[in-house]
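Good morning, colleagues. Please take a moment with the sequence and the structure before I begin.

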Amino acid sequence: MTQAVPAAAAPSAAAGIYRIALGVEYKGSRYRGFQRQRAGVPSIQESLEKALAKVAGGAPVALSCAGRTDAMVHASGQVVHFDTPVVRTMHSWVMGANMNLPGDISVTWAQEMPKHFDARFSAMARRYRYVIYNDSIRPAHLAEEVTWNHRPLDIERMREAARCLVGTHDFNAFRASQCQAKSPIKTVHHLQVIEQGRFIVLDVRANAFLHHMVRNIAGVLMTIGAGERPVEWAQQVLEARSRHEGGVTAHPYGLYLVRVEYPEEFQLPERYLGPHFLSGLVDVAG
């Protein structure tokens, strides 16, 4: 049976190779990150490629992703792409993959794309949410999906400190020592601190992120919110441009890649901003 090919995908399909983009969400707690690892080390990429290969009738599948999330980091809006000569409906890619994936990884949509689309390099912005559970007692539920902070956090102090990080800056003080990015200069479009019950959510959107950048921002803001450093410390860390001045890197459990933004020409589907348990959170940042 011949499947109709959307006009936007014609350059890819004309050569008999189809470029497919997928939306993916996952709980990263038991994985060593998105990227494929050495044999025996679980990764999101390996699980997805194995599941998709089964849908493709055994043909190998090699994925590229929008963001190589670290060990134990989650996603509700990851985007990946792969090339394949195998013809399947978009519904078949989604449902077939999910039938063969473990319960902590789901494909949420599939769309055929033109050859020049790249999940990583076509992205214009990425958005993360860092979820803090602020209570004196550790939570029994969501224990690996939020970061528990037992110290009472002053959200207004955190909001005030966050303001200096918005804009284009040298974020060298907020990146991991092993970060391979060529430049530490990034543009943070917004950094909102949102309170919902016992949850405090850091919602940050930028053109790109450095390795551990969001977790290091979270560590600084929580330290200020706990009253252990003055509000001005965030500005001092930024201006120091040295990781040694940046305090503790926050735990990975509360970090979610929630959206990747692309040029309008690609018209990728958009679901609600995750994670699921915060589906009622007001999207104050837009």
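I shall begin with the annotated domain, then turn to one residue and one helix pair.

Please bear in mind that this is a predicted model. The UniProt record, an unreviewed entry, lists "domain: Pseudouridine synthase I TruA alpha/beta" at residues 25–121 and 161–263. Over residues 25–121, helix accounts for 24% of the chain and strand for 25%, and 20 Å separates the end C-alpha atoms. For residues 161–263, the figures are 22% helix and 30% strand, with the end C-alpha atoms 32 Å apart.

Let us now look at helix α2, which covers residues 44–55 and includes E49. Is E49 buried or exposed? Its relative accessible area is 9%, and because the cut-off for buried is under 20%, E49 counts as buried. Leaving aside residues up to four places away in sequence, E49 touches R36, V61, A62 and L63.

The partner of α2 that I wish to discuss is helix α3, residues 90–100. The axes of α2 and α3 are 8 Å apart, and the two helices pack at an angle of about 120 degrees. Why are they called oblique? An angle of about 120 degrees lies outside the perpendicular range of 65 to 115 and is not over 145, so α2 and α3 are oblique to each other. Their crossing is right-handed.

On the α2 side, the residues in this contact are A51, L52, K54 and V55; they meet S92, W93, G96, A97 and N100 of α3. By class, the contact of α2 with α3 comprises five nonpolar residues, three polar and one charged.

How values were computed:
Residues numbered from 1 in each chain as written. Predicted model: local features only at pLDDT ≥ 70, side-chain atom pairs only at ≥ 80, totals over all residues. Heavy atoms only, no water. UniProt positions renumbered as here; feature names shortened; annotations may be inferred. Helix = DSSP H or I, 4+ residues; strand = E, 2+ residues; numbered from the N terminus. Buried < 20%, exposed > 50% of the residue type's maximum accessible area, 1.4 Å probe, protein only. Contact = heavy atoms within 4.5 Å. Axes fitted to C-alpha atoms, helices over the stretch in contact; angles between N-to-C directions. Parallel < 35°, antiparallel > 145°, perpendicular 65-115°, else oblique. Left-handed = near helix turned anticlockwise from the far one by under 90°. Nonpolar A, V, L, I, M, F, W, Y, C, P; charged D, E, K, R; others polar.
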